[in-house]
Structures are given as C-alpha cells and as structure tokens.
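Hello,

Here is the structure I promised to pass on, with my notes underneath. Have a look at it first, then read on.

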Amino acid sequence: MKILLNSDNVAFYVGQQFSVKDDCVVLSDGSINYSYNKSNTTEIDAVCPEPALDFVWKWENESWVCINQEAIDSYNL
C-alpha cells in the first residue's frame, strides 16, 4: 500500500489513494492539498499500521512507531 509521509516521516493519507505533484497532493476524490508536494513528502510502499489513523504513526527504521497513543485509545473505544 502506498503511504505518504511528511517531512517528519509521520504518515498521512493512510488508506487513501493519492497522487503527489510538484505543487500539491491530489486525492482520489479530487480534493487537493497545496500544503504538501514532492519537495516535502515521501511516498513509501508499506503495510498499513492498525488502526489506520492519520498523523498517528511515524516510519522509523523500516517499521511503524506510535506517536499519539491517545488517538489510538480514542479510536478503540
């Protein structure tokens, strides 16, 4: 699965299809995010972390590290 990482290697757009352009990221639903682009993101092919919440997981040393346990706890309630 393609996952997009920001400049801090934090995953976002997890589980969504996207296309990274020079000046933006375009999602499969047609929405555009001009805050991110080819210069400040990295696209990886990795197994999606569970639960798949945006801005919860950081990619370090070829594995996922939870950076927001409270978000995961609220997701599991």
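Let me begin with one pair of strands: β3 and β4 (residues 25-27) run antiparallel and are joined by three bridges. In that pair, Phe18 lies opposite Leu27 of β4. Strands here count as paired if DSSP finds at least two bridges between them. The two belong to an open sheet of three strands, ordered β3-β4-β5 with antiparallel pairing. Because β3 (18-20) and β5 are at the edges with a single partner strand each, one side of each has no neighbour in the sheet.

A word on the source: this is a predicted model, in which local features need pLDDT of at least 70 and side-chain atom pairs count only at pLDDT 80 or more, while totals for chains, interfaces and linings use all residues. Residues are numbered from 1 along each chain as its sequence is written, and side-chain values use heavy atoms, with hydrogens and water left out.

The protein chain has a mean pLDDT (the predictor's confidence in each residue, from 0 to 100) of 88, and 96% of its residues reach 70 or more. Among its elements, strand β5 (residues 32-33) has the highest mean, 96, and helix α1 (residues 69-76) the lowest, 75.

Overall, the chain contains eight strands and one helix, these being DSSP runs numbered from the N terminus (helices: H or I, at least four residues; strands: E, at least two). Along the sequence the pattern is β-β-β-β-β-β-β-β-α. Buried residues (under 20% relative accessible area, 1.4 Å probe, protein chains only) make up 39% of the 77.

Best wishes

Note on methods: Buried < 20%, exposed > 50% of the residue type's maximum accessible area, 1.4 Å probe, protein only.
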